Amino acid sequence: MGWWEVNADTLARSRFVVSPLCETTASLMVLRKESPAHPAERRWLELHRPAYRERLAADPVTALLVPVALGRHRWIADFVTPVPSREGAAQGGAEFYDELARIRATPDETARADLEVAHRGPLPDALLRPGLPERIADLLEWVWRQTVAPDWPRRRRVIEADVVARTGQLSRAGWAAALDDIHPEMRWLGDNRLQVNTRAFPPRRLMGSQLLFVPVTPRTGWISTDRPDAGGTVHRNAVVYPCSGTLAEPERAAAPQALARLLGAGRASVLVLLDSPMSTTHLVALTGQGLGSVGRHLKVLLDAGLVGRRRAGRSVLYYRSPAGDVLVRAQGS
């Protein structure tokens with residue numbers, strides 16, 4: 001099993017981070033695997049898959065590079081997934097290009113060594129050439145511009161909502177509650193041990209280093225680690241994980257009929273969707289209701305104690321209260 005030894009200082013310095021590059025890399029993985037995790041992702045894939053295939057057909061070297069770099073054997077080449085460079089809520093383009101520049105700056109010999117590890121052996125002859133980091137960076141830039149940037153404001157709201165939910169769990173029940181459902185293989189083992197996967201890797205000590213948690217909307221994830229400094233110390237590590245629940249599935253939720261009769265169909269659908277924190281803009285997109293209607297529903301639900309709210313960056317996010325959870329769960333019993 002792969003686990004990290006962390007102490008109180010490491011956890012105190014841990015942060016949840018928004019990364020446009022991680023979101024773009026996760027989207028590239030969906031395009032490559034062509035295995036959508038839910039209906040919304042299937043529609044996104046159907047929309048962008050033809051252009052992606054055309055892009056690779058015009059560049060056979062990059063087409064060969066992608067499966068090697070993204071890990072045919074469940075190991076991604078390290079230079080492709082750098083630890084996010086900024087903390088906080090990334091706003092979009094500028095942060096994406098800052099992070100992408102780190103991939104472009106990877107020396108050819110470093111990239112080749114990383115690719116050989118991911119490929120578990122010598123590279124195909126077509127990849128024994130300079131400029132591979134540039135090729136991966138160019139493809140990621142294409143994925144960003146064509147498939148992610150147009151939808152980034154919504155994606156960012158989804159990611160910020162997940163961060164609010166995780167930090168709420170953290171404040172109420174500690175790291176074990178906040179981390180145990182991030183990924184099926186991750187769990188808090190106690191005694192300063194965080195299991196990050198179930199593979200037979202030797203334990204690592206993260207004492208004094210920083211640990212970042214990076215949510216993405218596609219159903220995928222990975223581990224990133226900074227390269228050691230001259231003294232052999234790794235200063236930052238990141239866990240990229242998929243957003244939970246309905247956050248990753250922007251589908252309109254149908255409220256149970258009994259709840260709709262009690263609260264009204266519009267108000268009931270808002271309450272059902274708030275299983276995870278969302279902004280009014282997100283609720284408008286998911287329910288199809290107008291901004292004024294959603295605002296009125298939220299005020300009534302707030303006054304009744306069925307929802308709460310908290311700020312995340314520039315957004316105000318709403319979430320179901322324990323009383324709201326009881327009311328919704330009662331419909332399934």
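**Exercise 1. In which helix is the place of Thr 25, and what surrounds this residue?**

Before starting, note that this is a predicted model, in which local features need pLDDT of at least 70 and side-chain atom pairs count only at pLDDT 80 or more, while totals for chains, interfaces and linings use all residues. Residues are numbered from 1 along each chain as its sequence is written, and side-chain values use heavy atoms, with hydrogens and water left out.

Step 1. Thr 25 has its place in helix 2 (residues 20-33), where helices are DSSP runs of H or I with at least four residues, strands are runs of E with at least two, and both are numbered from the N terminus.

Step 2. Thr 25 has a relative accessibility of 1% and therefore counts as buried; buried means under 20% relative accessible area, exposed over 50%, and partly exposed in between, with a 1.4 Å probe and protein chains only.

Step 3. Leaving aside residues up to four places away in sequence, Thr 25 touches Val 80, Thr 81, Leu 140 and Trp 222, where contact means heavy atoms within 4.5 Å.

**Exercise 2. Describe how helix 4 and helix 6 pack.**

Step 1. Helix 4 (residues 60-69) and helix 6 (residues 108-119) have axes 8 Å apart and pack at an angle of about 65 degrees. The axes are lines fitted to C-alpha atoms, for helices over the stretch in contact, and the angles run from 0 to 180 degrees between N-to-C directions.

Step 2. Because of this angle, helix 4 is roughly perpendicular to helix 6; that class covers 65 to 115 degrees, whereas under 35 is roughly parallel, over 145 roughly antiparallel and the rest oblique.

Step 3. From helix 4, Leu 65, Val 68 and Ala 69 make the contact, and from helix 6, Leu 115, Ala 118 and His 119 do so.

**Exercise 3. Which residues have the most contacts inside the largest nonpolar core?**

Step 1. A nonpolar core is a set of buried Ala, Val, Leu, Ile, Met, Phe, Trp, Tyr and Cys residues joined through side-chain atoms within 4.5 Å. The largest one has 51 residues, and those with the most contacts inside it are Tyr 52, Val 80, Ile 103 and Leu 115.

Step 2. Helix 7 (residues 132-148) gives the largest share of this core, nine residues.

Step 3. Tyr 52 touches Leu 28, Leu 31, Arg 32, Val 66, Leu 139 and Trp 142, again not counting residues up to four places away in sequence.

Step 4. Another core, of 19 residues, lies apart from it and includes Ala 260, Leu 298, Leu 306 and Val 307.

**Exercise 4. Work out how strand 6 is placed and paired.**

Step 1. Strand 6 (residues 210-216) is mostly covered, since seven of its seven residues are buried.

Step 2. In a regular strand the side chains alternate between the two faces of the sheet. Here Gln 210, Leu 212, Val 214 and Val 216 point one way from strand 6, and Leu 211, Phe 213 and Pro 215 point the other way.

Step 3. Strand 6 runs parallel to strand 2 (residues 15-16), joined to it by two bridges, and pairs in the parallel sense with strand 8 (residues 236-242) over seven bridges; two strands pair if DSSP finds at least two bridges between them.

Step 4. Phe 213 is the bridge partner of Phe 16, and Phe 213 also stands opposite Val 239 in strand 8.
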